[in-house]
Amino acid sequence: MHKKDIHTAGKNLDEAQKVLILLHGRGASAGDILNLESHLPLKDFALIAPQASNNTWYPNSFLAPVKENGPWLSAAMEMLRDIIEELLEKGFKSKDIYLLGFSQGACLCLEFAAQNAKRYGGITAFTGGLIGESLDPEKYTGDFEGTPIFIGTGDPDAHVPVGRVKRTAEILNNMNADVSVKIYENRPHTISENELELAGELIFKED
């Protein structure tokens, strides 16, 4: 489904203290999402951006029944699992691994993290929510151990209902994540300057 096509920026893995995995939106590219490097405080980070086949992680809306996105979604989740496994084998701890996505990539980012909850460095979801026609909290059983998560979204948004964002935040909070949500009235389906500033403060602030 998704052939392994990884784009990189920032520090080399051998030199980096932290790693940020970036997931692009539908119709976009790894190169597009890597442009965020200049808008966030990432000087100590290696950046890894996988490229989705045909520029989409899964064919239907994230609100469709999961089986309708079946093998595509499973392949994307498996690719993320493999990337993180390789990073752990290189000696990174999960608390040094960060996830970021926009739109479809944000949904994938949140769904992967919720199904594989542990202490990540931080998670940034620019307009996204957990995946599925309806959400079953019992599907998500791990412990984020205080992982900071930022979700920004517009109200209304053309693709992501604000109700799904709020329900997602509730589920993640119940999994011991430290979730911050910012809802922007009538904001277009994009990443705003204020979201980048908040992500910098809440997720990428230096120790």
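Which residue in strand 5 does Tyr-98 stand opposite? Gly-122. Here are my notes on that part of the fold; keep in mind that this is a predicted model.

1. Let's start with strand 4, residues 97–102. This strand is mostly covered, with 6 of its 6 residues buried. Ile-97, Leu-99 and Gly-101 point one way, while Tyr-98, Leu-100 and Phe-102 point the other way. In a regular strand, side chains alternate between the two faces of the sheet.

2. Strand 4 has strand 2 (residues 18–23) as a partner: the two run parallel and are joined by 5 bridges. If you want a spot to look at, try Leu-22, whose bridge partner in strand 4 is Leu-100.

3. Strand 4 also pairs with strand 5 (residues 122–126), again in parallel and through 5 bridges. Besides the Tyr-98 and Gly-122 pair, you can pick out Leu-99, which has Ile-123 as its bridge partner in strand 5.

4. How do you get from one strand to the other? Helix 3 (residues 104–115) belongs with strands 4 and 5 in a β-α-β unit, and that unit is right-handed.

5. Strand 5 is mostly covered too, as 5 of its 5 residues are buried. On one side sit Gly-122, Thr-124 and Phe-126, and on the other Ile-123 and Ala-125, so both faces are covered.

6. Next comes strand 6 (residues 148–155), which pairs with strand 5 in the parallel sense over 4 bridges. Ile-123 turns up again here, standing opposite Ile-149 of strand 6.

Definitions and conventions: Residues are numbered from 1 along each chain as its sequence is written. This is a predicted model: local features need pLDDT of at least 70, side-chain atom pairs count only at pLDDT 80 or more; totals for chains, interfaces and linings use all residues. Side-chain values use heavy atoms; hydrogens and water are left out. Buried means under 20% relative accessible area, exposed over 50%, partly exposed in between (1.4 Å probe, protein chains only). Two strands pair if DSSP finds at least two bridges between them. A crossover is right-handed if, with the strands pointing away from the viewer, the path from the first strand over the helix to the second runs clockwise.
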